[in-house]
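User: Hello! I am new to this structure and would like to walk through it with you. Could we look at it together?

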Amino acid sequence: MIVGACVLAFWPGMPASLHLDDYDMLRNNALASRSIAEIVQLYPTRWLVVLSLWANARLQGETVFGYHVVNLALHCANAWLVCVLTWRLWWWARRHGWRVRGIG
């Protein structure tokens, strides 16, 4: 159900092109030619996002659909982790006698 909701939300954007700074970073293979240390140093606040783009650039080149597939997979995994964390916190609270309003 979680994966289905993610796919439903992201599907309209799958054929879209890259935008803004993502396009600039990938043009002329500028990002793929850098090392991981250079990426962390050049993008100290967005290094994880840029590292994902770097890995995609090295694996897929300029095939935009592949970037969208990886993005969809990361968002599905994140949504699943949030649901698992929420369920575990709810279970822990119920086990220790905490009652959350509106949940029972």
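User: Thanks! In which helix is Val7 found?

Analyst: Happy to help, and a word on the basis comes before the answer. This is a predicted model, in which local features need pLDDT of at least 70, side-chain atom pairs count only at pLDDT 80 or more, and totals for chains, interfaces and linings use all residues. Residues are numbered from 1 along each chain as its sequence is written, and side-chain values use heavy atoms, with hydrogens and water left out. Helices here are DSSP runs of H or I with at least four residues, strands are runs of E with at least two, and both are numbered from the N terminus; Val7 is found in residues 2–10, which is helix 1.

User: How many helices and strands are there in the chain?

Analyst: Read along the sequence, the pattern is α-α-α-α-α. The count for the chain is 5 helices and 0 strands.

User: Where is confidence highest in the chain?

Analyst: Confidence is given as pLDDT, the predictor's score for each residue from 0 to 100. The chain averages 77, and 81% of the residues score at least 70. The lowest mean, 62, belongs to helix 2 (residues 20–26), while the highest, at 86, belongs to helix 5.

User: Is His68 buried or exposed?

Analyst: His68 lies in helix 5. Leaving out residues up to four places away in sequence, His68 touches Gly13, Met14, Ala16 and Ser17, where a contact means heavy atoms within 4.5 Å. Buried means under 20% relative accessible area, exposed over 50%, and partly exposed in between, with a 1.4 Å probe and protein chains only. At a relative accessible area of 15%, His68 is therefore buried.

User: How far apart in space are Val7 and Leu72?

Analyst: Val7 counts as partly exposed, with 31% relative accessibility. In sequence, Val7 and Leu72 are 65 residues apart. From C-alpha to C-alpha, their separation in space is 7.1 Å.

User: What is the C-alpha to C-alpha distance in space between Asn71 and Met14?

Analyst: Asn71 has its place in helix 5 and counts as partly exposed, at 30% relative accessibility. Asn71 and Met14 are 57 residues apart in sequence. Their C-alpha atoms are apart in space by 9.8 Å.

User: Why is the sulfur of Cys76 not in a bond with the closest cysteine sulfur?

Analyst: A disulfide is a covalent bond between the sulfur atoms of two cysteines. Here a pair counts when the cysteine sulfur atoms are within 2.5 Å, and the structure holds 0 disulfides. Cys76 is buried, with a relative accessible area of 9%. Its closest cysteine sulfur is in Cys6, and there is no bond because the distance is too far, at 3.7 Å.

User: How far is the sulfur of Cys83 from the closest cysteine sulfur?

Analyst: Cys83 counts as partly exposed, at 38% relative accessibility. The closest cysteine sulfur is again in Cys6, too far for a bond. That distance is 8.6 Å.

User: Is Trp98 buried or exposed?

Analyst: Trp98 has its place in the segment after helix 5 (64–95). Its relative accessible area is 53%, so Trp98 is exposed.

User: What share of the residues of the chain count as buried?

Analyst: The accessible surface of the chain comes to about 8000 Å², with 66% belonging to carbon and sulfur atoms; such areas come from the Shrake-Rupley method with a 1.4 Å probe, and for residues only the protein chains shown count as cover. Of the 104 residues of the chain, the buried share is 19%.
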